Amino acid sequence: MSEDSKDLVKQVDSRYSEHEYETGLRVIHEDAVKDPGLEPHRVRMTDKSVKHEKNAVRQVTLLFVISMLGSAFALYSYFAFPIVIGDMNSVRMNTLFLGLGITLGLFGIGVGAVHWAKTLMPDNEVTEERHLTRGSDEKRAAAIEIINLANQESGFSRRKLIRRTLYGALALFPLPGLIIFGDLGPNVNDKLRHTAWKPGTRLARDPNGRPIKASDVTVGSVYHVVPEGLMPGDHGYLEEKAKAAVLLVRVDPSELIETEERASWSYQGIVAYSKICTHVGCPVALYEQHTHHLLCPCHQSTFDLVDGCKVVFGPATRALPQLPITVDAEGYLIAQSDFNEPVGPSFWDRSVK
Amino acid sequence: MSNTSTTPKKNGFLAGTANYVDERVGVGGILKEFGRKIFPDHWSFMLGEVALYSFLVLLLSGTFLTFFFDPSMAETIYEGSYAPLKGAHMSVAYSSSLDISFEVRGGLLMRQVHHWSALLFVAAAGLHMLRVFFTGAFRKPRELNWVVGFVLFVLGMAAGFTGYSLPDDLLSGNGLRIIDGMMKGVPFVGTSISAGLFGGEFPGTAIVGRLYSLHIMLVPALILVFLALHLFMLVIHKHTHYSGPGKKDTNVVGYPLMPVYVAKAGGFFFIVFGAIMLIATFFTINPIWNYGGYDPSPVSAGTQPDWYIGWLDGALRLAPTGIEFMIGDYTVSTNILLPLVVSLVFLAIVAVYPFIENWVTGDKREHHVLDRPRNAPTRTAIGAAGVTFYAVLWAGASTDLIATNFKMSLNQVLVSMQIALIVLPFVAFFVTKRICLALQRKDREIAIHGRESGRIVRLPHGEYIEVHEPLEPHDLYKLVDFKDYKPTLARPNAQGKITFSSRIRASLSKFYFEDRIAPATQTEIDEAAHHNHEIEAEVKKAIEASK
């Protein structure tokens, strides 16, 4: 209760004689309009005319019969419209007729029951008194008495040592229950810093796994790339792919804005960037050719491919990590090394060496 | 049976059964207590029922699905009946979801029933919350039940999300990837939380099994517990009713549980179930076969989460560019933390709102008569601002679709949304409050001067007036029956000090009730009626004179 409420005039409605509650900022108007009581009951047609009543009975009956027919039809459909393996139309028919039958079965009961209640059951509103939620003063006194007695008999307040050690025990006992969840997952911190790319790993197309020749990559084309040898069915395939996925694009070398350090990371205008968004890790899968922008379809972070994949728009902050590439003796694109920084979403200690 | 169910005979089957059960369970006392319990009737009271019934449908359809679903992430090669995916590598979870859809009779139907009812459950719960908010049903003694309901809403979202991810398809997999990215953004413990959930690196082979445990056991069990609490308190408090003649804080007006309410509510369960079944029969939801199994590299453009997660996804999208920063070697992912904090603060405000309003009004009495939203203008305006904030976040999850469908620049759509997120709630607050006050003034005007009769009279001196007719008492009472509060000043306490909290309370009370419109009183109405009579007399006199 706030301090100033004592100063407020206590205005208690006479209805609340059971217990006087504070009314706070409430304004009680002495000359408020008097409650005229419940509105007069309106008689329904079904109350007035036997014909209407009989009609309503028929309607309810009909609805329940429709329900029975619907359920029966659903049973029939289960057998009459079986699923033929490989035939998608049979799946459609099964779903359709089974669903329709059950729908009728349900609607018939539902609409019937409500119609019955609205037309044939009495529609007089009934008034019931409420009582305050709090117990009466006697009940509360009795409850306090019980608590005091329990306290006395157990010595809960009196025996401080027992009470405090009990608190200690109760505070500690859940901890083993929490710690046993420690093995939910191993620490992955180091794994987040490395991907399947190694010096000399060929760049292969996703999903067929064929290595890519630099000469096959035309200006403007986009390749979805994985490390060669990473194939579906391999152990840890998805985990590795979730970090190693790369987008390969060839642009006109004159358009590339490259730092001195990174000048050797591209090959004749072919650049490879991590496909995993630095925001929350969706694949940055959309490439707009004329702007050279990469767009993440999940949250629209936009990266400028020719300018080191820096963020030009959207919630991401860091540029997409670049995979340094070159070609091997046979002309296939290969990685010079792994990425030089962790790929994907930020994490707390990603920059800690 | 039919004759016994209408009038139980002394020794009939029904009487015998009733006697048997009563002697063993004491059901007579329960029925005496609750059988004629009164439930007020209003369409808006059915929103909570819709949520409850959708939950029952979820339990039924979900149980069916568990019999066929295999929550394993072991890799398999698809050999099922869906030709386009034949020979594809996928998880057992995804393959069994396809089998449910294509090889089990009624399987696709049940999958769709389950998904549609989940969407409906959260929607109905949300609307029910809005109804409770805008009518002030959260006031004493129902504050705790509001919190329980709030927990249910959050649990509903949790149940939805854990279930959404189970089929291990491309769409839900990308959803999980976003969750993984968000968790990693949490300082200190983010990586460990992610590794703990996924059992190591993302995606790992554990997540579907773990989400399955949460989805079919822990979350529904919690929902059931809180639902029981929710309904228990409903029975304790008895349902609220709308203001109007005969409706008081000390009574409850409505229909008895047996038979009317049982028939209506029971029938309504079948109607809700039927509606879900109808939708599931005709409308595909979550066609997982189109997406393919989860693969971290592809993603479809225009991806959308289920609607109730939209506002969180929108929050992620609307975060400004480039706000991640470093403290020494450590990365602070503000672009993730900010949306996270904003969403949590928003939820926290929703959860504690009843206590704030109660503290401001200081009205400690029980409130069982609902407010018409207009009669609590500031509360209604706060609600409208909250809804607007949520709606902008929610629309934010569709920036790309809005841009492509309306051929607008994505960047401009997003920047407009960022501005809208800050500005529109204030606009909504202001507009709503003005509308409420205007409606209150109109009510007051009608209450005092009566309704317009459409009869225009020219008085002898040339003045034109429209004759107003007094309202019927029941209609009048509907316009004047609401609770009126006035602002307070910061007052010194017993020690003569004006405390900080009393200053806050004073300014909040000003914010709430400064421009209140008081209900018309009988004195005002009588005065106006007197004035009306004078005009009537003048009119009569004029008519007489003209004859």
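How many residues does the contact take from chain A and from chain B? In this predicted model, 98 residues of chain A and 117 residues of chain B take part in the contact. On the side of chain A that touches chain B, helix 3 of chain A provides the largest share, with 18 residues. Helix 3 spans residues 88–119, and at least two residues each are also supplied by strand 1 (26–27), strand 2 (126–129), helix 7 (237–244) and strand 10 (310–313) of chain A. By residue class, this side of chain A comprises 50 nonpolar, 27 polar and 21 charged residues.

Strand pairing also links the chains. Strand 1 of chain A and strand 11 of chain B, the latter formed by residues 484–485, run antiparallel and are joined by two bridges. Within this pairing, Arg26(A) has Tyr485(B) of strand 11 as its bridge partner.

The largest nonpolar core contains 164 residues, of which Leu203(A), Val246(A) and Ile276(B) touch the most other members. Helix 6 of chain B (residues 107–134) contributes 15 residues to this core, the largest share. A separate core of nine residues lies apart from it and includes Ala447(B), Leu479(B), Val480(B) and Ala520(B).

The surroundings of Ile276(B) were examined further. When neighbours within four places in sequence are left aside, Ile276(B) is in contact with Ser54(B) and Val57(B), and also with Val113(B), Trp116(B), Ser117(B) and Leu120(B).

Notes: Residues are numbered from 1 along each chain as its sequence is written. Chains are lettered from A and ligands numbered from 1 in the order in which they are written. This is a predicted model: local features need pLDDT of at least 70, side-chain atom pairs count only at pLDDT 80 or more; totals for chains, interfaces and linings use all residues. A nonpolar core is a set of buried Ala, Val, Leu, Ile, Met, Phe, Trp, Tyr and Cys residues joined through C-beta atoms within 7 Å. A residue is buried if 20 or more other C-beta atoms lie within 10 Å of its own, exposed if 12 or fewer, and partly exposed in between; C-beta atoms are placed from the backbone. Helices (H or I, at least four residues) and strands (E, at least two) are DSSP runs, numbered from the N terminus. Two residues are in contact if their C-beta atoms, placed from the backbone, lie within 7 Å. Ala, Val, Leu, Ile, Met, Phe, Trp, Tyr, Cys and Pro count as nonpolar, Asp, Glu, Lys and Arg as charged, and the others, Gly among them, as polar. Two strands pair if DSSP finds at least two bridges between them.
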